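Thanks for coming. I will go through one structure today, part by part. Please look at it on the screen while I talk.

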Amino acid sequence: MKRKKTVNFPSYDVVVIGGGIIGTFILYELSHLPLKILLLEKEEDLAFGVSKANSGIIHAGFHEDPKTLKGHYCAKGNALYSKISKKLQLPFKRVGELLVIKEEREYSALHEFMKKGEQNKVTGLKIIDGIELHRLEPHLSEQLVGALYAPSAGVINPYELIYTLARFARCNGATLLRGEEVIAITKDNSFHIYTSKGRYHSKVVINAAGMNGDTIAAMMGVATPAIEGRKGQEYLLDKKHKGLVKHIIFPLPTPESKGTLIIPTLDGPIMLGPTAENMQAKDREDLSTDQCGYQEIMERVKFMLPAINERAIIAGFSGMRPIPREHHDFIIGNTSVAGFFQAIGMHSPGLTAAPAIAMDVAKMVSNYLSESKLIQKQKRCSKDYQQKEHHCLCHTPKKLREVKKFSELQKLWKSDPEYGEVVCRCEEVSLAEIRAAIRDGATTLDGVKFRTRMGMGRCQGAFCTYRAIEVMASELAVPHHKISKKGKKSTIIVATLGKDHE
Ligand SMILES: Cc1cc2nc3c(=O)[nH]c(=O)nc-3n(C[C@H](O)[C@H](O)[C@H](O)COP(=O)(O)OP(=O)(O)OC[C@H]3O[C@@H](n4cnc5c(N)ncnc54)[C@H](O)[C@@H]3O)c2cc1C
């Protein structure tokens, strides 16, 4: 008699769905516990969802209603960024926020925000007059009469953060799989997760699927508000205009958003935006930019900073905020299904709140696993593998543009001669950094761009794209036409001629 073949599907303690800032931070937190953990991401790389297109601000926390989860987690997350950036050796600058007003009668609004901020435990808040405001920011319009100053606000590079967290989590033993869309989940004694490529078992599932948070919840029959999209267009100025403002400049907010901002980004260029456009369900993936959004931003920003030169705009992009319908707050925690946790509906300030949310979700999951006797209670190890073993698997490669002294440059060239070939001239990205990005897992041009800044400068990739494709094709051993912008349906080269490239 023929024996039936049994297939053993890989089994985990925890599966996280979604490789944005929320899922990756949770994975990193969980990687300090002795658990077998897996992250599943549907796109070809991490940071290709909501987290790829945001303002990169670590907000102070005075905007949020203290009764909401956004209020609870924003200032808490902000405070954690000093420690986390130091631990991950990640650039982060506390540049401060200024909420500006144009009329004396608006001082009452500043006092309201100050009160909210104090309730949220935001530190260092101060209301300043026009003289002090113009001393801090001499290029701002003379018509502005005062501001709320929040020194704790900062700027970070969101993708660099995600890739670094992923690298550390991997070093701590986590598994990350990309290009695996979760298409169904069932539960008996454990969860069975079906993806576009395979099947996994797990004791716990965490839904951190951003815009698809509601779809994943529905797979488990968990009642969750529909996730609606609110688009935000943003525009970048040439880095020649770096220094026009030093702080993040906010107008008074609208009911939909924090308003149109002027942001001195971590990497130098000033960014303007975002808009706040409520989208129909069918347009949740529409990340186009348009003249209307551009004009709206220019009008609002010029009022605060007349010195802005429209000809200095080098790029525009859009992001989509996931807003839970009629709920307008984050959705975090356990659900009606034991072992199924959620961290969804993460609109702004999701990037700021992420470390605090991740710590709480990891605690909830660990308590659930030990209380349900699925694992024994284990102590959290606060060190990362890199520090534990003095091993440098998760180190961040050195950036050519950050090396200022010639003697240091010589050292760098000696350590790796590929630092001597500058592939992206606008952002000074070397061949060594491009190769490091590919070895870190980049398989698309956007993956390389987000890890290195290649193609983000004035020429927007006009000079470096083809060289990067050549390097990627040879490093990944694929024909040139297999290198896409961001995976499916984003072909750059239609075909490669010659039989060696078939
Ligand atoms: C224009 C704009 C500006 C913003 N500015 C700021 C700011 O300055 N400061 C701040 O704090 N916040 C800001 N935010 C908010 C912040 O960007 C978000 O809160 C955060 O990025 C949400 O992260 P996430 O991990 O929840 O979602 P995502 O980054 O979208 O991650 C979810 C992931 O799940 C994956 N996924 C979905 N379905 C599946 C499936 N079936 N199987 C497997 N994977 C799946 C997706 O591909 C995605 O990668 C801004 C947002 C926008 C749009």
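**Ligand, cores and strands**

The shell around the ligand takes at least three residues from domain 1 (11-50 + 159-226 + 328-371) and at least three from domain 2 (93-154 + 228-324). Keep in mind that this is a predicted model. The domain assignment of the protein chain also gives a domain 3, residues 400-501. Between the C-alpha centres of domain 2 and domain 3 there are 32 Å.

Back to the ligand. How many residues surround the ligand? There are 42, and the closest are Gly20, Gly49, Gly210, Gly232 and Gly350. By type, the shell holds 18 nonpolar, 18 polar and six charged residues. Several elements each supply at least two residues of that shell: helix H1 (21-30), strand E2 (37-41), strand E13 (227-237), strand E18 (313-324) and helix H8.

Next, the nonpolar cores. The largest one has 115 residues, and the members that touch the most others are Ile26, Val100 and Ile206. Which helix gives the most to this core? Helix H8, residues 350-371, with 10 residues. Where does the core lie with respect to the domains? Domain 1 and domain 2 both give residues to the core, so the core lies between them. There is also a second, separate core of 21 residues, with Leu400, Tyr419, Ala436 and Val471 among them.

Let me take two residues in more detail. Leaving out residues up to four places away in sequence, Val100 touches Leu133, Leu140, Leu144, Ala147, Ile249, Phe250, Pro251 and Met304. That last residue, Met304, is part of helix H7, residues 291-304. Is Met304 buried or exposed? The count is 24 other C-beta atoms within 10 Å, and 20 or more makes a residue buried, so Met304 is buried. With the same sequence neighbours left out, Met304 touches Val100, Leu140, Ser141, Leu144, Ile249, Pro251 and Ile262. For a contrast, take Met304 and Ser415: they are 111 residues apart in sequence, and their C-alpha atoms are 47 Å apart in space.

Now strand E7, residues 146-150. Five of its five residues are buried, so E7 is largely enclosed by the rest of the structure. In a regular strand, side chains alternate between the two faces of the sheet. In E7, Gly146, Leu148 and Ala150 point one way, while Ala147 and Tyr149 point the other way.

What does E7 pair with? Strand E5, residues 97-101, pairs with E7 in the antiparallel sense over five bridges. Strand E6, residues 126-129, is also antiparallel to E7, and four bridges join them. Tyr149 in E7 is a useful place to look: Leu98 stands opposite Tyr149, and Lys126 also stands opposite Tyr149.

Last, an open sheet of three strands. The order is E3-E8-E4, and the pairing is antiparallel. Why is one side of E3 and of E4 left without a neighbour in the sheet? Strand E3 (57-58) and strand E4 (92-93) stand at the edges with a single partner strand each, so one side of each has no neighbour there. Two bridges join E3 to strand E8, residues 154-156. One pair to find on the screen is Ile58 and its bridge partner in E8, Gly154.

How values were computed: Residues numbered from 1 in each chain as written. Predicted model: local features only at pLDDT ≥ 70, side-chain atom pairs only at ≥ 80, totals over all residues. Core = buried A, V, L, I, M, F, W, Y, C linked by C-beta atoms within 7 Å. Buried ≥ 20, exposed ≤ 12 C-beta atoms within 10 Å, placed from the backbone. Domains from an automatic or database assignment. Contact = placed C-beta atoms within 7 Å. Near = placed C-beta within 6 Å. Nonpolar A, V, L, I, M, F, W, Y, C, P; charged D, E, K, R; others polar. Pairing = 2+ DSSP bridges.
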